[in-house]
Amino acid sequence: MDFNPSSAGKALIARVTEFVETRILPIEADYYRELKSLDNRWVVLPIIEELKAEAKKQGLWNLFLPKSEYGAGVSNADYAMMAEQMGRSFIAPEIFNCNAPDTGNMEVLVHYGSDAQKEQWLQPLLDGKIRSAFCMTEPAVASSDATNMEATAVIEGDEVVLNGRKWWSTGIGHPDCKVLIFMGLSNPDAPKHAQHSMVLVPKDAPGVKVERMLPVFGEYDEPYGHGEVSFTNVRLPKSAIIAGQGRGFEIAQGRLGPGRVHHCMRAIGAAERTLELMIKRATSREAFGKPIINLGGNRDIVANARMSIEQARLLTLKCAWLLDTKGILGALSEVSQIKVVVPNMLQTIADQAIQFHGGAGVSDDDHPLTALFAYARCLRLADGPDEVHRGMVARFELKKYGNELKDARS
């Protein structure tokens, strides 16, 4: 197992790191200050477009697509280290055209899209001209079990007709969001994992309505946002189905493996930034005649944070390496492992950093810690809650002891 980046990856990692440190982080506070001053925050500020153009000119663009003519062509393991650097700022992923859910949606189109679908939707996404959303989770059912899905994608002649309600559709509020990927029940009589289809839906298609934007801990995450969306007799040509009827779960499985590595490495980058803020605060403030770092068990907190980050990074890099060498089927347990370990690690460190900062820690006007905590807490639900992933890991472990388990049951 070798975590050393390739020569091409090493050069890109260094350039991404420099861009984040010198071009993005220095403008971040001013960016949020300007955005919060607006009556309408669902806009793209000029500085974002300027930085996107600069990143694209430097070749720091679509870095997430491994071994593809569409992207940088680096491995999952190489990109993971770039994603960590992007995780240091909430605005960095879009600037590099590596923002979720666009990355996953582009991967779906690269691997499963028809030529016409690629021309209509993939190329504008690759160019950063449009954004997208992914509509899977539903408000009326326990969506941790995706087979509960009630929304439908029924074929009628040469059309597919969509009905249902989705929510937590990330990115739906972005002013450039033009296309949605909708997952719905299309053949209830087929085997359980062949009943659903994915469909490309123009956001402005008749019958598509964003019912409301959903707040997370009181914030709407403008200009991206998470929305509740209704689909009422949305009629589209059958050619809008991705890869054919009944392949929704197959596509979802392929989409989520690399995507979870991206999420987790960005979270590790966020954890590094959080630890940095924690240490700077603890070493620059005094209480009871001592630097805060020397009070109570604060040094232990810092040490444990460092060890937790290192452990999480190694596990995530192992997962990326397995995806590169064995594919998704060789990394199923590790994909679930990182999805539990990394968000919990970030949530713990963000909570501790808030405590180190005292009252300032809960003020999002002064520090990004509340946003980091909310990000970690939401990530424990996104792409499946902790409990589902622990169940997956346990299942793979128990398979190793199949004979012993049979003996125990008898």
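**View 1. Buried residues of helix H11 pack against H7 and helix H9 (332-357).** Contact here means heavy atoms within 4.5 Å, and helices are DSSP runs (H or I, at least four residues) numbered from the N terminus. This is a predicted model, in which local features need pLDDT of at least 70, side-chain atom pairs count only at pLDDT 80 or more, and totals for chains, interfaces and linings use all residues. Residues are numbered from 1 along each chain as its sequence is written, and side-chain values use heavy atoms, leaving out hydrogens and water.

**View 2. The two sides of H11 (residues 386-399).** Asp386, His389, Val393 and Phe396 are the buried residues of H11 (under 20% relative accessible area, 1.4 Å probe, protein chains only). Because they cover an arc of only 95 degrees around the axis, they lie on the same side of H11; the arc is that of the directions from the helix axis to the C-beta atoms. On the other side of H11, Glu387 and Lys399 are exposed (over 50%).

**View 3. Helix H3 (residues 76-86) packs with helix H8 (residues 298-326).** Their axes, lines fitted to C-alpha atoms over the stretch in contact, are 8 Å apart at an angle of about 145 degrees, on a scale from 0 to 180 degrees between N-to-C directions. Among the residues that meet are Ala77 and Met81 in H3, and Leu317 and Ala320 in H8.

**View 4. Around Tyr79.** Leaving aside neighbours within four places in sequence, Tyr79 is in contact with Leu63, Phe64, Val74, Met86, Cys98, His262 and Arg266.

Key. The expected span of a helix is 1.5 Å times one less than its number of residues.
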